[in-house]
Amino acid sequence: MTELVLQALYSGLLQGGSYALIALGLALVFGAMKVINLAHGELVLLSAYVAYSVESGLGWNPIFAIPIALVVVCLSSVMVYFVVGRIKKDREINSLILTYGIGVILTNLILLIWKADVRSTGSTWMQEAIVVGPFYSMRSEVLFFVVSLVMMGGLWWWLSRSWYGRAVRAVSSNRDAAKLMGIDPGYTELVSFVVAGILAAVAGVALFSYGVVSPAYGSVLTVKAFIITVLAGIGSIPGVLIGAVLLGVAEALTVTLASSALQELVGMGLFLLVLFVMPSGLFGAKGRRG
Amino acid sequence: MKPNKTIIVMLLAVYIAVPLAFGRDNYVMSLVVASMVIGGIALSWALLGNLGGMVSFGHAAFFGVGAYASAILSMKFGVPVLVSILLGGVGAVVASLAMLPVLRLRGPYFALAILAYAHIFRILATQWTSVTGGSGGLSNIPRLPEIFGYDLSSKTGGYLVILTIVLVFAAIYQYIRCSNYGLALRAMHESEDATRVVGVNSTLLKGLMLLVSAFMCGVVGAFNAHYINFLEPDYAFSGLWVTIPIVAAIFGGYRTITGPIVGAVVVYLVDQLVFKSIIPSGHQLVLGVLLVAMIIFSPDGLLSLLRKLTRRAHVAA
Amino acid sequence: MLQLKNISVRFGGLTAVNNVTLAVGTQDVVGLVGPNGAGKTTLFNAISGLVRPTSGQITFDGADVMRAPMYKRARMGIGRTFQVPQPMHELTVRQNLTVAQRFGTGSVDQNKIDEILEFTSLAEKATRNAATELALTELKALEVAKALATNPKLLLLDEVFAGLETTGKRHFMSMLKNLHEKFSVGIIIIEHDIETISNLCQRVAVLNFGELIAEGTPEEVFRDPAVIKSYTGGGHA
């Protein structure tokens, strides 16, 4: 029994890596533009399907799909940016509806192009079992967990050391002050969408490599990313990773101990729990009102 | 609202002329009924947005809960259909009570939280097999009854029922909007503190709007269940009950009361008659494009855009 | 009527209000003065319910209101104006007062509203959009009118004179002088101008760095060396 639980913890941990990438992409755009991209999950899904096409069409290992996915997803992400930029008023609300509409478009495009069947990788290299201590996992899980850690490290470095990264942080915290410093918010918004696209692309290939995808999964991903940002609270990359791992572990435990159908439910349950008990998240800044 | 000639004529038209003209054609009537169902959801969605100031992507939750509640009450507890429809609305209200804590979240967070709730209810409906029939769903849900010898379960009968439901809800919406509560709600959008400092319990008012919206949507969902006599989780909580009403409300102009209803009829009929025949699977794509286009070019709805264009034409002429 | 006992308001490491005890009766017009940042508006926020004090006790009409939310305090009779006017958006001036009266007292009396409009010289602007069609003087008058519409027993006026030019100031002076009698309401007024305060108030309380450093008649208080020091610099670090 304990081995099962420990195995679930391990699998959940590995899954948390990709979840964190997805959540970070969502949070980055929200920070820079105060816009929640409801189509973000669909961007991840798009990347997963690109990986599928690369594998089934060209016979390559999904890893090689990453460059192609990067291009496709970043382009799409930038297109979303431009469309959102065309909103004239009430940006907070209208961008929600707009990105929701884009999500619908993407989901249906995916449905049209790739049909409704569930897909997952056929690559034996990806699926090969790797044993670490007493724990089993697919090679793809371990591989992409490491990749996501590397990317998160890179993101952290970028946000704290590079000029563009710091500009994004400046615009997130005080837009007008940033403008006064000579930072063009429009440019940093674009940058944030591109970076979010990069994160989404990698996460999508990861997802395809060790999980299953179907056209409807896009909105589920967006909701999961959102749950993680609520769990983590605002303003903390390590917080997002921990929140993501928490979700991954909770899901894995549910699948092991209960049933796989309840897997989604546990994420929602966690979400509600945090909302009621700790509204500012596990690591977020506290609110001020009495 | 004082009754005036236009309203009376319109009422006559929808209550009498439509059934007379299309009553024989079952296909057309079923389209009309479905579009009215969408209209009801669109109305409740717009009410929450306009009065409550909250955009929701989870109205499918209320629709589905209302449907299941009513179906179960009438099937397992023998509640008469018309009563169970109302109770279905109450069921949706109970579901919305669980959503009250997320009211204090800001716009985008609220919208997503509601979406999460919708997912939860769908999963519950799929898993709670003993009560909801699980993924197989419920069939042979009791039909609408006969009243004074008139069979409400016929296509025309169903039409009259949903028409009445939607009109009553529109009247309620109008009543709230014109009342002092409506004034306070409007002010709350951008100046909530200013209202609180003069004694407005803004949290309560927002919560009440959520409950009202949930009730309306739940009743519509319940009606639909008894109209098609079949229910299953993926249908009851489908994203279509979210997307189409939103497109409809925005298309018709979500700031008005008639906008969502008119928008629903137009959008749904066009979707079913035109889009579906062009792209049978994935015709929602066009809806998505329509939504995006409208937000960018005319967020107040196509009807208001048309009005603006005709005004400009008059001025030019 | 209003009893503040040992009220302290702390925001993280910053103590905005430190151990303030103050009593205001239904007949009082009390001035609240002090240099900028002394905690005057924060004290108002604590009384009206926008902010919860970290410690202390607030009693209004004998009832403990520490945990009462802002809207409840308004209904109990605590009216308040904001330093930066906050009209209710999307509504006309009259609608602003209607909402204030309806939710502050429970019923609507358009005659009373007309009276208030007349008193605050807003009668001609009654149908204007409150947020977009009023000048600063009128916005400030609306702040007072809104508060009056809730039939308050205590009125908290936060720097109503700030930003007004001479005519506006004179107009408000005469309005405030009559306010106390016409609407039989106790008043606490935050103001910087010493002459205004001396003219309007029987009693003055002085805050500096969140602490109450003096309380008495205007003459006593403005001759108090500690008060003078707080205005001319010197205070403690």
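Okay, before we start, one definition: when I give an angle for a helix or strand, it runs from 0 to 180 degrees between N-to-C directions, with axes being lines fitted to C-alpha atoms. Here's where we use it right away. In chain C, helix α9, residues 225–232, lies across strands β9 (203–208) and β10, and it runs at about 130° to β10(C). And please keep in mind that this is a predicted model.

So let's stay with chain C and look at the sheet under that helix. It's an open sheet of six strands, in the order β6-β7-β8-β3-β9-β10, and the pairing is mixed. Which strands sit at the edges? Those are β6 (78–80) and β10 (211–216) of chain C, each pairing on one side only. From one strand to the next, the twist averages 20°. If you want to see a parallel pair in there, go to β7(C) and β8(C), the latter covering residues 186–190: five bridges join them. Put your cursor on C:Leu156 and you'll find C:Ile188 of β8(C) standing opposite.

Now, chain C has another sheet. This one is open too, with four strands in the order β2-β1-β4-β5, and here the pairing is antiparallel. The edges are β2 and β5 (63–64) of chain C; each has a single partner strand, so one side of each is left without a neighbour in the sheet. Helix α1 of chain C, residues 40–48, packs on this sheet and touches β1, β2 and β4, with its direction making about 65° with that of β2(C).

Let's walk through that sheet pair by pair. Start with β1(C), residues 2–11, and β2(C), residues 14–24: they pair antiparallel over seven bridges. A good landmark is C:Ile7, whose bridge partner in β2(C) is C:Val20. These two strands make a hairpin with two residues between them, and in the turn C:Gly12 has a positive phi of about 60°.

On to the next pair. β1(C) also pairs with β4(C), residues 55–60, again in the antiparallel sense, this time over five bridges. Look for C:Gln3, which has C:Thr59 as its bridge partner in β4(C). Then β4(C) pairs with β5(C) over two bridges, antiparallel once more, and there C:Thr59 turns up again, with C:Asp64 of β5(C) as its bridge partner.

Let's zoom out to the domains of chain C. The domain assignment gives domain 1 as 1–73 + 154–162 + 186–237, and domain 2 as 78–151. Their C-alpha centres lie 25 Å apart. How many residues of each are in contact? It's 14 residues of domain 1 with nine residues of domain 2. On the domain 1 side, α1 and β7 (154–158) of chain C are the elements that give two or more residues, and β7(C) gives the most, with five. By class, that side of domain 1 divides into nine nonpolar, two polar and three charged residues.

Next, the helices of the other two chains. In chain B, take α3 (residues 59–76) and α10 (residues 202–228): their axes come within 7 Å and cross at roughly 50°. That makes α3(B) and α10(B) oblique to each other, and the crossing is right-handed. Among the residues making the contact are B:Phe62, B:Gly66 and B:Ala67 from α3(B), and B:Gly218, B:Val219 and B:Ala222 from α10(B). The contact has twelve nonpolar, eight polar and no charged residues.

Chain A has a helix pair to look at as well. α3(A), residues 65–85, and α9(A), residues 185–210, have axes that come within 8 Å and cross at roughly 140°. These two are oblique to each other, and their crossing is right-handed. Residues in this contact include A:Leu70, A:Val73 and A:Ser77 of α3(A), plus A:Phe193, A:Gly197 and A:Ala201 of α9(A). The split here is 18 nonpolar, three polar and one charged.

Last stop: where chains A and B meet. Here 30 residues of chain B are in contact with 31 residues of chain A. On the chain B side, α5 (107–127), α12 (240–252) and α14 (284–297) each supply at least two residues. Which helix supplies the largest share? That's α5(B), with eleven residues. And the residues on that side of chain B divide into 21 nonpolar, nine polar and no charged.

Technical notes. Residues numbered from 1 in each chain as written. Chains lettered and ligands numbered in written order. Predicted model: local features only at pLDDT ≥ 70, side-chain atom pairs only at ≥ 80, totals over all residues. Parallel < 35°, antiparallel > 145°, perpendicular 65-115°, else oblique. Left-handed = near helix turned anticlockwise from the far one by under 90°. Contact = placed C-beta atoms within 7 Å. Nonpolar A, V, L, I, M, F, W, Y, C, P; charged D, E, K, R; others polar. Pairing = 2+ DSSP bridges. Domains from an automatic or database assignment.
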